[in-house]
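Visitor: I've got the sequence and the structure open, and I'd like to know how the strand and helix labels are earned. Can you walk me through the reasoning?

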Amino acid sequence: MQTHWCKMLTAAALFALVASGCGQKPAVQPNTPAPETPQSTGQASGSGGSSGQAGQPVQPVQPSKQSKSVKSYYADANLEKLLERETTIEFTADKDKYLAAFQELKKTPDDKSVSLAKNLTFKSATLKDGQLTLDLVMPAEARLGAGGEEMLLTALQKTAFQFEEVKTLEILLEGKQVESLMGHMELQHPFKR
């Protein structure tokens, strides 16, 4: 019976010895680099303070803004004639310059002029194969009389055709071709330079 107890004690001791070694880190072998861990303090790891350190987010590069001088069109204070003003637009990509030029029509540059497009929403202006497609939204308060609608259509065409690459202008109302924007003037599909 003593041999039985001796065997059990020996087995228990071996088990305890093996179990205590399971939680230890493996030894790093020579010539094997230790794995890097991110620093929680935000300080640079290593020497020299190099950029692109672990644990720091990489900031995306912001595209630079471009600017261009364009002509914008407004009505005079009496809504009798179209006025031309030189303005500067800003845009990120070259394809965005068309929409930026139309957005400029919504502004009132001085007290001698009136914006014909103040209440319009320009959804998009996309150029493809020489055709500039302008999609807009027109709430009830954006509606003008016959003279106002004619000046607005002229302003939209002059704005588009000041860009050499634009050969035709397609005006859509909420993504659809319509006969007239305000019921006075017939729309061409598309307007040609």
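**How the labels are earned**

Guide: Sure, let's start in the middle. This is a predicted model, and in it six bridges join β5 to strand β6 (residues 168–173), the two running parallel.

Visitor: What makes β5 and β6 a pair?

Guide: Two strands pair if there are at least two bridges between them. β5 and β6 have six, so they count as a pair. One spot to look at is Leu134, which stands opposite Ile171 in β6.

Visitor: Why is the crossover from β5 to β6 called right-handed?

Guide: The chain goes from β5 through helix α3 (residues 146–161) to β6. Point the strands away from you: right-handed means that the path over the helix runs clockwise, and this β-α-β crossover is right-handed.

Visitor: How do you know that β4 and β5 pair too?

Guide: Same test: at least two bridges are needed. Strand β4 (residues 121–128) and strand β5 (residues 131–137) are joined by seven, so they pair, and they run antiparallel. Ser124 has Asp135 in β5 as its bridge partner. The two strands form a hairpin with two residues between them, and Asp129 in the turn has a positive phi of about 55°.

Visitor: What makes β2 and β3 edge strands?

Guide: The open sheet has the order β2-β1-β3, with antiparallel pairing. β2 (82–91) and β3 (113–114) each pair on one side only.

Visitor: And how is strand β1 joined to β2?

Guide: By 10 bridges, with β1 spanning residues 66–76. Gln66 stands opposite Phe91 in β2. Helix α2 (residues 97–104) lies across β1 and β2, at about 135° to β2.

Terms used
Residues are numbered from 1 along each chain as its sequence is written. This is a predicted model: local features need pLDDT of at least 70, side-chain atom pairs count only at pLDDT 80 or more; totals for chains, interfaces and linings use all residues. Side-chain values use heavy atoms; hydrogens and water are left out. Helices (H or I, at least four residues) and strands (E, at least two) are DSSP runs, numbered from the N terminus. Contact means heavy atoms within 4.5 Å. Axes are lines fitted to C-alpha atoms, for helices over the stretch in contact, and angles run from 0 to 180 degrees between N-to-C directions.
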